[in-house]
Amino acid sequence: MEDTFTPNNEQPNPEIQPNKRRRKKSIVWEHFTVETVSAGCTRACCKQCKKSFAYITGSKLAGTSHLKRHIALGICPVSRRNQEKNQLMPYTPASQDGFTGISTDAPKRRYRGTPVYANIPFDQDRCNQEIAKMIIMHDYPLHIVEHSGFINFVHTLQPQFNVASFNSIQGDCVALYLREKQNLSNTLNGIPGRVSLTLDMWTSDENLGYVFLTGHFIDDEWKLHRRILNVVMVSSPESDDAFGQAVVACLADWSLESRLFTITLDQSFSSETMMGSLRGVVSVKNPLMFNGQLLIRNCFARILCSLAQDALGAMADSVKKICDSVKYVKTSDAHEEKFLELKHQLQVPSTKTLFLNDYTKWNSTYHMLADACELKEVFTYLDTFDPDYKEAPSPDDWRQVETLCTFLKLFYDAAIIFTGKTYPTANTFYHEVWKVQLELTEAAKSQDPFISNLTKPLQDKFDRYWKETSLILAVAVVMDPRFKMKLVEFSFSKIYGDEAEMWIKTVDEGIRELFVDYVTQQPLLSIQPYVDEGSEVISQSYLEEGTDVIPKTEMTDGALLSDSDRLSDFDVYISEISGGQDMRSELDQYLDESLMPRSQDFDVLDWWKLNKLKYPTLSRMASDLLSTPITTVGPDNVFDTVSRKIDRYRSSLRPVTLEALICAKDWLQYPAEPDMVVQPIVKMEF
């Protein structure tokens with residue numbers, strides 16, 4: 001190595017180095033050579049097709065991107081022919097120096113500073129877990145691991161992978177379910193309140209019943225949760241004790257025997273005998289079940305569905321005419337083109353487009369009718385523009401369907417709150433239910449015979465639901481500090497008129513009875529009345545000695561005043577003048593305080609989280625009430641008009657496997673807390 005000369009023996013400055021040509025690192029130089037054309041002009045020449053490209057002109061450097069495209073995109077004719085030829089040749093493994101013997105391969109992109117994926121060790125167990133998770137999340141059949149297409153695809157990705165058998169992947173799915181179940185069990189064990197259940201019955205072609213039991217609860221961070229806890233197969237879904245067996249199994253499985261608050265089920269599966277059986281099952285260890293009044297026998301979503309179907313059925317002829325008209329337009333491109341041309345000529349301002357409804361979803365029929373009503377002017381003149389269009393709806397048909405849509409919209413607006421990603425708190429239910437009750441009550445008294453005849457049967461059906469659920473719904477809305485008892489008083493006065501006072505008193509007595517139950521369930525160890533900031537702080541503690549209770553008063557500076565103190569007479573005086581004063585309960589304090597402002601971003605759970613120290617007992621009651629569900633179906637089934645069915649594939653699975661697949665899919669939607677993740681204790685073998 002030559003020494004670099006520096007004058008006066010100075011050390012070389014590392015910032016001033018001779019201008020050395022950088023070594024070409026791009027992989028394109030395996031396919032190109034550099035040729036000097038003239039002074040200051042250098043071009044890159046393709047080794048295969050001999051075409052030259054600009055590289056250096058004066059001080060400008062053209063780069064290598066266009067050279068990469070020449071090879072990688074098959075622009076080079078020689079490279080393209082060689083690649084097509086190579087596709088017909090069998091695969092030959094690379095030699096030790098990394099080349100296959102063919103120098104026409106397209107340049108591979110190099111990643112700098114990123115890990116080399118080829119060095120990552122293959123993990124068979126991790127792959128099996130991911131396949132199990134994929135099957136659960138996307139409802140793939142377990143037999144997918146035995147499908148030849150899947151096996152070939154996986155082996156193409158990773159030849160080392162050993163595809164699991166049906167029994168093996170079944171065991172992996174159940175193991176994943178057990179791990180997630182342990183996480184959920186840890187969460188349930190840590191909640192301060194109780195759990196409410198919803199029961200929904202699905203059936204199979206084999207006449208087997210599958211009871212879906214879903215738990216609703218609020219955790220210690222005041223977050224509302226909705227989780228499918230169990231799927232219990234019952235051999236006789238029509239039997240009176242089918243739900244009772246499922247509830248007993250669920251409570252025992254999750255150790256919730258004494259922590260149940262409410263049960264909500266579907267009326268179509270709830271007879272009086274079944275309701276009595278359920279009351280007997282849950283009342284023994286659950287005294288807060290409010291003498292059976294917290295056993296809700298009707299699903300709100302199913303009630304709305306029944307009302308919508310009854311309304312559509314009452315006007316079946318007019319509805320069919322409009323459905324047929326929409327079908328006429330949408331089933332032919334020529335018909336639709338004429339329809340749109342006529343709409344343009346009539347200058348109809350509506351932006352709605354026609355679509356065919358799904359008869360298994362009543363909201364689909366509602367939207368189809370509503371959109372068609374906006375375009376009724378086009379349908380009215382369509383028969384003159386299109387001679388093939390016959391049997392157009394009459395003006396009376398359109399008027400009646402428009403009236404029908406006003407009530408379908410009422411039901412739709414009430415049901416849509418259940419389709420969101422998060423389940424609503426119970427205080428929101430009352431607003432929807434009392435609005436439907438009021439609108440139907442007033443419509444049934446209408447002077448228009450068409451409206452009264454349409455709505456009177458609907459009002460009679462919904463009135464039965466209102467009488468069964470109004471108490472629990474009203475008590476829940478009282479736990480909203482924006483409304484409290486004021487909304488109950490306001491709404492009852494509109495619904496009941498002169499009889500409102502009696503029903504308001506029923507709600508007031510009910511909420512106080514429930515509050516007393518919560519007070520008696522928690523022993524009063526100390527009396528610590530909440531004192532607002534800025535007021536004088538005086539706390540009184542009680543020391544129990546035998547049967548006597550000795551009061552000792554503490555001042556804010558910590559000085560203790562005993563009975564022998566010269567101020568003992570003062571203590572007696574204070575006791576005498578305050579003895580007649582009423583010690584208000586938490587419930588009274590809460591109800592007497594002014595209402596919170598109504599704002600869009602108000603979160604009732606956040607409010608109770610901030611005020612749980614102020615209302616320790618009432619906050620526990622609020623937590624249970626606000627998590628009370630009134631619908632048994634999931635967000636995807638709110639508008640269903642058909643009964644829920646388990647398909648033949650799933651009904652052929654073992655009950656434990658079916659439960660694992662359904663529950664795990666529900667749980668995997670919600671990421672577990674980092675400290676809650678545990679490994680499964682048992683891996684079930686099949």
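Where is Lys 484 placed? Lys 484 lies in helix α16, which covers residues 484-496. Helices here are DSSP runs of H or I with at least four residues, strands are E runs of at least two, and both are numbered from the N terminus.

The model is predicted, so local features need pLDDT of at least 70 and side-chain atom pairs count only at pLDDT 80 or more, while totals for chains, interfaces and linings use all residues. Residues are numbered from 1 along each chain as its sequence is written, and side-chain values use heavy atoms, with hydrogens and water left out.

**Overall composition**

The chain holds 23 helices and 13 strands. Of its 686 residues, 42% are buried, where buried means under 20% relative accessible area, exposed over 50%, and partly exposed in between (1.4 Å probe, protein chains only). Among contacts (heavy atoms within 4.5 Å) between residues at least 6 apart in sequence, 70% join residues at least 24 apart. The accessible surface, from the Shrake-Rupley method with a 1.4 Å probe, is about 39700 Å², and carbon and sulfur atoms account for 52% of this surface.

**Helix α11 and Ala 415**

Helix α11 comprises the 13 residues 362-374; at 1.5 Å a residue the helix should span 18 Å, and its end C-alpha atoms, 19 Å apart, agree with this. The expected span is 1.5 Å times one less than the number of residues. Ten of the 13 residues of α11 are buried, so the helix is largely enclosed by the rest of the structure. Among the buried ones are Trp 362, Tyr 366, Met 368 and Leu 369. Their cover includes α8 (300-314), α9 (316-330), α12 (376-385) and α13 (395-415).

Ala 415 belongs to helix α13. Leaving aside neighbours within four places in sequence, Ala 415 is in contact with Leu 304, Trp 362, Val 638 and Phe 639. Ala 415 and Cys 305 are 110 residues apart in sequence, yet their C-alpha atoms are 8.9 Å apart in space.

**Positive phi and accessibility**

Glu 391 and Lys 484 are set beside Ala 415 below. Glu 391 is not a glycine but has a positive phi of about 55°; Lys 484, also a residue other than glycine, has a positive phi near 50°.

| Residue | Place | Relative accessible area |
|---|---|---|
| Ala 415 | helix α13 | 1%, buried |
| Glu 391 | loop between α12 and α13 | 73%, exposed |
| Lys 484 | helix α16 | 3%, buried |

**Pocket and cavity**

On a 1 Å grid over the protein atoms alone, a cavity is a set of points where a 1.4 Å probe fits but cannot get out; a pocket is an open set with protein on both sides within 12 Å along at least five of seven lines, and lining residues have an atom within 4 Å of a point.

The second largest pocket holds about 1400 Å³ of space. Its lining numbers 46 residues, with Arg 226, Pro 635, Asp 666, Gln 669 and Tyr 670 nearest its centre. Elements giving two or more residues to this lining include β5 (195-204), β6 (209-218) and α23 (655-667); β7 gives the most, with five residues.

One cavity of 30 Å³ or more is found in the whole structure. The largest cavity contains about 40 Å³ of space and is lined by Ile 135, Ile 136, Asp 139, Tyr 140, Tyr 649, Arg 650 and Leu 661. Helices α3 (124-138) and α22 are the elements that give two or more residues to this lining.

Methods: Grid points are joined across faces, edges and corners, and a volume is the space filled by probe spheres set on the points.
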